[in-house]
Amino acid sequence: MATGELIEVRNPRSGEIDYRFNAPSAEELATTLARLRKAQRVWAARPLAERIEILRRWRGEWVARQGEIARALSIDTGRYLIATSEVQSVTGMIDRWTQLVPTLAAEEELRSPTLPTISYRSQYVPYGLVGIISPWNFPVSLCFIDAVPALLAGCAVFVKPSEVTPRFVVPAMQSIAAVPELADVFHIQPGGRATGEQLVERSDVVCFTGSVATGRQVAANAARHFIPAFLELGGNDPLIVTASADLERATDVALRATCLATGQACQSLERVYVDRRIFDAFVKRLVEKASVISPNWPDMHSGTIGPFIFAKQADTVAAQLADAVAKGAKVLCGGQIEDHGGKWLRPTVLVDVHHGMQIMSEETFGPVIPVMPFDRIEEAIELANDGVYGLSAGVIAGSLEEAEAIGRQIDAGGISLNDGSLTAMCHEMEKHSFKLSGMGGSRMGPAGYLRFFRRKVLIRQHGQPATMANIAEDNIKGTRS
Ligand code: NAD
């Protein structure tokens with residue numbers, strides 16, 4: 001069978017092309033998907049307890065190869081600690097879902113409250129084939145986050161990870177191959193745009209994580225093929241800091257939640273609004289803390305800030321910084337892309353910013369912290385809601401009650417109170433994206449499992465069925481006026 005396009009992959013630390021792979025050809029992809037579809041019928045017919053047991057067996061194979069997968073992922077992403085914890089997080093996903101799912105999707109018989117002779121029972125019918133398309137920023141977590149619940153639901157799954165970070169796939173697939181019953185219904189293969197498009201065309205449901213621009217294309221393609229699309233897209237998350245906030249807490253959170261993973265996280269805080277009464281003190285302390293954070297270069301096992309995984313992202317961030325400076329922003333620390341082959345940026349604090357700047361209105365996806373003062377809390381809430389995204393947000397105040405009263409007025413799906421980016425750490429709570437940040441059911445909480453079923457109802461008639469006599473016009477004689 002002909003192989004597909006040869007894709008060259010750049011090393012995020014050296015900037016050199018040091019990895020190549022072939023995307024699947026259209027024919028190869030069609031053959032793999034047909035194989036998965038066929039095996040899915042057997043997979044779905046297994047009792048849930050068997051699917052759980054098979055995923056737990058895979059967990060053992062994953063753990064046995066964790067070191068190797070983490071090494072490959074650290075080359076993909078140019079960072080070690082996050083790569084290691086990402087790989088470890090997969091066991092947590094398996095544990096959480098295998099414990100939770102036996103309590104979900106229970107087929108209990110219920111009585112109709114309006115028709116006493118009727119009872120009914122829901123049958124949960126899994127989708128046949130789930131197509132998953134994932135981005136480069138957390139390649140392993142986002143490869144498995146939807147795959148694990150979909151497999152437990154009884155679906156077959158094909159994941160197409162980003163062509164920017166494909167190295168982890170070979171050892172990850174070895175862990176799957178070690179469990180043949182799982183390998184029959186679960187396949188991961190990297191590819192580019194063409195593979196993504198073909199996958200949407202041949203799946204029964206698509207889970208897409210990536211940019212708004214690509215998400216729109218995926219949604220349109222899914223609509224053409226009449227399948228549901230779950231879209232988890234970008235954000236431009238605000239943080240509001242009130243006058244009563246603890247300055248140490250506020251600056252710690254502002255720095256960590258903007259710069260974690262070099263800001264390459266969808267739920268990164270991207271803009272900070274601070275009460276004018278504490279603005280100068282906040283900025284001074286933030287700059288003190290930001291200035292001592294160093295890149296993990298030349299030694300990957302030192303420093304805190306990894307390289308830009310995708311070189312073009314560094315260009316986007318540089319262009320946004322140039323736009324901000326041209327419009328009057330002041331850079332208090334960082335601000336220069338450091339080019340060592342790979343590209344790094346130290347935490348960059350900006351003031352004198354406004355919403356006419358791209359850095360405030362668009363997703364930056366870099367370690368940049370623009371800080372803007374506000375005079376009234378209503379103004380801060382208006383600024384936080386002024387934009388096209390609604391993924392998540394944070395509020396830091398003197399009390400959780402004060403923070404919550406503000407958080408309730410922000411148009412976003414996950415609000416961290418007296419912290420930031422908590423949605424990255426808690427997966428059990430349901431949430432929806434607002435505005436352009438996504439569409440479809442929650443990936444978190446029970447809905448993250450239940451969305452992989454169509455619900456079929458089996459309705460039992462315990463009494464006499466209605467006959468034509470029941471609908472004869474004569475029946476209402478005398479009641480007509
Ligand atoms: P991207 O949209 O460029 O690519 C995402 C994936 O889509 C890749 O696998 C790519 O190959 C594939 N693709 C490209 N064109 C396609 C098409 N026409 N049809 C089908 N697939 C196609 O995104 P990226 O740059 O890899 O990732 C960064 C973005 O992801 C950021 O915007 C970030 O906010 C977002 N993101 C969102 C979440 C979330 O949960 N909301 C999580 C992580 C990242």
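**Entry 1: the ligand and its shell**

I began with the ligand and looked up which residues surround it in this predicted model; of the 28 residues around the ligand, those that come nearest are Glu-163, Ser-211, Thr-214, Leu-233 and Glu-363. I then sorted the shell by class and noted 10 nonpolar residues, 11 polar residues and 7 charged residues.

Next I looked up polar atoms facing the ligand. Thr-214, one of the residues that come nearest, has a polar side-chain atom 2.7 Å from an oxygen atom of the ligand. In the side chain of Gln-217, an N or O atom is 3.0 Å from a nitrogen atom of the ligand, and for the side chain of Glu-197 I noted a distance of 3.3 Å between an N or O atom and a nitrogen atom of the ligand. I also wrote down how far the ligand is covered: on its own it exposes 860 Å², and the protein buries 90% of that area.

I asked myself which helices and strands each supply at least two residues of the shell around the ligand. My notes include helix H9, which spans 193–202, strand S8, which spans 205–209, and helix H10, which spans 212–224.

**Entry 2: the two domains**

From the ligand I moved to the domain assignment, which gives domain 1 as 6–232 + 451–459 and domain 2 as 237–424. I noted that domain 1 is written in two stretches of the chain, 6–232 and 451–459. The centres of the two domains, taken over C-alpha atoms, are separated by 31 Å, and their contact takes 18 residues from domain 1 and 24 residues from domain 2. Returning to the ligand with these bounds in hand, I found that its shell draws at least three residues from domain 1 and at least three from domain 2.

**Entry 3: Ser-175 and Gln-99, two helix residues**

I picked one residue in helix H7 and one in helix H4 and asked of each whether it is buried or exposed. Ser-175 sits in helix H7, residues 169–177, and it counts as buried because its relative accessible area is 0%. Setting aside residues up to four places away in sequence, I listed Trp-58, Glu-61, Trp-62 and Arg-65 as the residues that Ser-175 touches.

Gln-99 belongs to helix H4, residues 81–100, and with a relative accessible area of 57% it counts as exposed, because the cut-off for that class is over 50%. I also looked up a distance from this residue: the C-alpha atoms of Gln-99 and Trp-344 are 41 Å apart, with the two positions 245 residues apart along the chain.

**Entry 4: strand S15 and the loop that follows**

I turned to strand S15, where Thr-348 is found. Thr-348 is buried, with a relative accessible area of 0%, and, leaving out neighbours within four places in sequence, its contacts are Leu-321, Val-331, Cys-333, Gly-334, Gly-335, Pro-367, Val-368 and Ile-369.

The loop between strand S15 (348–351) and helix H14 (358–361) holds His-355. Beyond its neighbours within four places in sequence, I found His-355 in contact with Arg-271, Tyr-273, Met-360, Ser-361, Met-372, Leu-383 and Asp-386. I then asked which side chain is joined to that of His-355 by a polar contact of 2.7 Å, and the partner I noted is Asp-386. For a distance to another part of the chain, I recorded 19 Å between the C-alpha atoms of His-355 and Ser-437, which lie 82 residues apart in sequence.

**Entry 5: backbone details**

Finally I looked up the backbone at three places. Trp-297 and Pro-298 are joined by a cis peptide bond, with omega at about 5°, and Pro-298 is in the loop between helix H12 (276–291) and helix H13 (311–326).

Ala-105, although not a glycine, has a positive phi of about 55°; I placed it in the loop between H4 and strand S3 (109–111), and its relative accessibility of 22% makes it partly exposed. Asn-418 likewise is a residue other than glycine with a positive phi, near 55°, and I found it in the loop between strand S19 (414–417) and strand S20 (434–435). At 10% relative accessibility, Asn-418 counts as buried, because the cut-off for that class is under 20%.

Technical notes
Residues numbered from 1 in each chain as written. Predicted model: local features only at pLDDT ≥ 70, side-chain atom pairs only at ≥ 80, totals over all residues. Heavy atoms only, no water. Near = heavy atom within 4 Å. Polar contact = N/O pair within 3.5 Å; in protein donor to acceptor, adjacent residues only side chain to side chain. Areas by Shrake-Rupley, 256 points an atom, 1.4 Å probe, with all protein chains shown as cover. Helix = DSSP H or I, 4+ residues; strand = E, 2+ residues; numbered from the N terminus. Nonpolar A, V, L, I, M, F, W, Y, C, P; charged D, E, K, R; others polar. Domains from an automatic or database assignment. Buried < 20%, exposed > 50% of the residue type's maximum accessible area, 1.4 Å probe, protein only. Contact = heavy atoms within 4.5 Å.
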